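Me: I keep running into descriptive words for protein structures and I'd like to know what stands behind them. Can we go through this one together?

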Amino acid sequence: MTEPIPFGDLRRQIAALREEIDAAIARVLDRGWFILGEEGEAFEREFAAVAGAPFAVGVGSGTDAIALALMGLGVGPGDEVITVSATAIPTASAIRQTGADVVFVDVDDFRTLDARALEAAIGERTRAVVPVHLYGQPAAMGEILDIAGRRGLHVVEDASQAHGAAYDGRPVGTLGVAGCFSLYPSKNLGALGDAGILVTVDEKLAGTVRALGNYGQPTRDQAEAPGRNSRLDELQAAILRVKIGRLEAWAARRDAMAAHYDRALRDLDGAGDFRLPAVRERCRHAWHLYAVETGRRDALRKHLAERGIETLIHYPTPVHRQPAYAGARLGPGGLGRTEAWAARTLSLPFYPELEDGEIERVAGAVREFFGK
Ligand SMILES: *Cc1c(COP(=O)(O)O)cnc(C)c1O
């Protein structure tokens, strides 16, 4: 029996970094300071440098980064925020946490927010748009920024899956007024627990978000807004400082793995309804996920599972189909592409520690399914 290939396996990454992580944890324990300290400050500086942004604020999660950015911009009850339904549920939960209503629009050929659908959906109450760089693919930011500029909307990027991605040479997260990154363990840069970070070009917004995440207190014993508790703790920051040094090498490995899958499956692309992931022009894809498409998705998934290969679907049920968002307004063109794609997408095993031989095995099993 050949070894199973898991969809993800963080033990492989941790094993490679174990001594450095142990040392980072020991450093924090020896210091005896756990919330809002020098590790967090250092990580914010290091992340800002990597992200090409002047300011970074560590928070409790990627969801909180989006919610606090919108709150910091004054978005709240009575407002509408436009985003995609083809995303992880937290994009929508973050919007709803502000008290604003979420409006869902369709995706374009690259599975990210469709700029024309955005323009068509803007209403009297629309205050902001949250494009999602899904799977690591930058959204059509040129068009989105142009529309948002003309119509007076804030652009808050959900870059939770796109650490290191770039649009037209500019790092994602720095195109809108704020960029929100999840540091959930399995993301391209992940803590060993919950964490998130927001980057911005707006110093005032950075200060507002920092205060909102600290009980609304810009300084001790002073509260300017109700706020909440959402901070990136010292242990996670120390661990993230170990990992951020690997981000470039991991990104290069992700590029090479995507190229490997592409090569191994190229002749299937367009044969029948099978599709390889398409990359938008003039963009650097962060390759968080490598998702193929076929109308025979469920049968392919079963075929791979029978050969010990684990796959996942991101995401089987679009957010507007979830009970929690049943009442949300939809863009006038409907969400046809979102619906069709949810039924066709399949994410193959994909993480830097995946070995070339494992990629070959996955690709071989896909080829076998299609009789190649
Ligand atoms: C992971 C993720 C989030 C939420 O991040 P958390 O850190 O888990 O709160 C939001 N949006 C997208 C697209 C994500 O992939």
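Me: Why are helix 3 and helix 7 called oblique to each other?

Reply: Keep in mind that this is a predicted model. In it, the axes of helix 3 (residues 62-72) and helix 7 (residues 203-212) cross at roughly 120°. Roughly perpendicular runs from 65 to 115 degrees, and roughly antiparallel needs an angle over 145. The crossing fits neither range, so helix 3 and helix 7 count as oblique. Their axes come within 9 Å, and the crossing is right-handed.

Me: Which residues make that contact between helix 3 and helix 7?

Reply: Helix 3 brings Leu68, Ala69, Met71 and Gly72, while helix 7 brings Leu205, Thr208, Val209 and Leu212. Sorted by class, the contact of helix 3 with helix 7 has six nonpolar, two polar and no charged residues.

Me: What makes two of them polar?

Reply: Look at Gly72 and Thr208, which both take part in the contact. Neither Gly nor Thr is on the nonpolar or the charged list, and the others, Gly among them, count as polar, so Gly72 and Thr208 go there.

Me: What about helix 3 and helix 4, at what angle do they pack?

Reply: Helix 3 and helix 4 (residues 89-97) pack at an angle of about 35°, and their axes are 8 Å apart. This crossing is right-handed too. On the helix 3 side you'll find Thr63, Asp64, Ile66, Ala67 and Leu70, and they meet Pro90, Thr91, Ala94, Ile95 and Gln97 in helix 4. That contact divides into six nonpolar, three polar and one charged residue.

Me: Which residue is the charged one, and how do you know that?

Reply: Asp64 of helix 3 is in the contact. Asp counts as charged, along with Glu, Lys and Arg, so Asp64 is the one charged residue there.

Me: Why are helix 9 and helix 12 called roughly parallel?

Reply: The axes of helix 9 (residues 247-265) and helix 12 (residues 356-369) cross at roughly 30°. Angles under 35 degrees count as roughly parallel, so these two helices get that name. Their axes come within 10 Å, with a right-handed crossing.

Me: Which residues of helix 9 and helix 12 make the contact?

Reply: From helix 9 there are Arg253, Met257, His260, Tyr261, Ala264 and Leu265. Helix 12 answers with Asp356, Ile359, Glu360, Val362, Ala363, Val366 and Arg367. By class, that gives eight nonpolar, one polar and four charged residues.

Me: Now the empty spaces. How much space lies in the largest cavity, and what lines it?

Reply: About 60 Å³ lies in the largest cavity, and the whole structure has three cavities of 30 Å³ or more. Lining the largest cavity are Ser85, Ala86, Thr87, Leu134, His314, Tyr315, Thr317, Pro318, Thr338, Trp341 and Ala342. That lining has six nonpolar, five polar and no charged residues.

Me: What makes the link between His314 and Tyr315 stand out?

Reply: A cis peptide bond joins His314 and Tyr315, with omega at about 10°. Tyr315 sits in the loop between helix 10 (297-306) and strand 12 (329-330).

Me: And how big is the largest pocket?

Reply: The largest pocket has a volume of about 660 Å³. It is lined by 35 residues, and the closest to its centre are Gln161, Tyr184, Ser186, Lys187 and His288. Helix 3 turns up again here, giving the most to the lining with three residues. The lining of the largest pocket divides into 15 nonpolar, 14 polar and six charged residues.

Me: Last one: what is noted about Leu36?

Reply: Leu36 has a positive phi of about 50° although it is not a glycine. You'll find Leu36 in the loop between helix 1 and helix 2 (38-51).

Notes. Residues are numbered from 1 along each chain as its sequence is written. This is a predicted model: local features need pLDDT of at least 70, side-chain atom pairs count only at pLDDT 80 or more; totals for chains, interfaces and linings use all residues. Side-chain values use heavy atoms; hydrogens and water are left out. Axes are lines fitted to C-alpha atoms, for helices over the stretch in contact, and angles run from 0 to 180 degrees between N-to-C directions. Helices (H or I, at least four residues) and strands (E, at least two) are DSSP runs, numbered from the N terminus. A crossing is left-handed if the near helix is turned anticlockwise from the far one by less than a right angle, and right-handed if clockwise. Contact means heavy atoms within 4.5 Å. On a 1 Å grid over the protein atoms alone, a cavity is a set of points where a 1.4 Å probe fits but cannot get out, and a pocket is an open set with protein on both sides within 12 Å along at least five of seven lines; lining residues have an atom within 4 Å of a point. Grid points are joined across faces, edges and corners, and a volume is the space filled by probe spheres set on the points.
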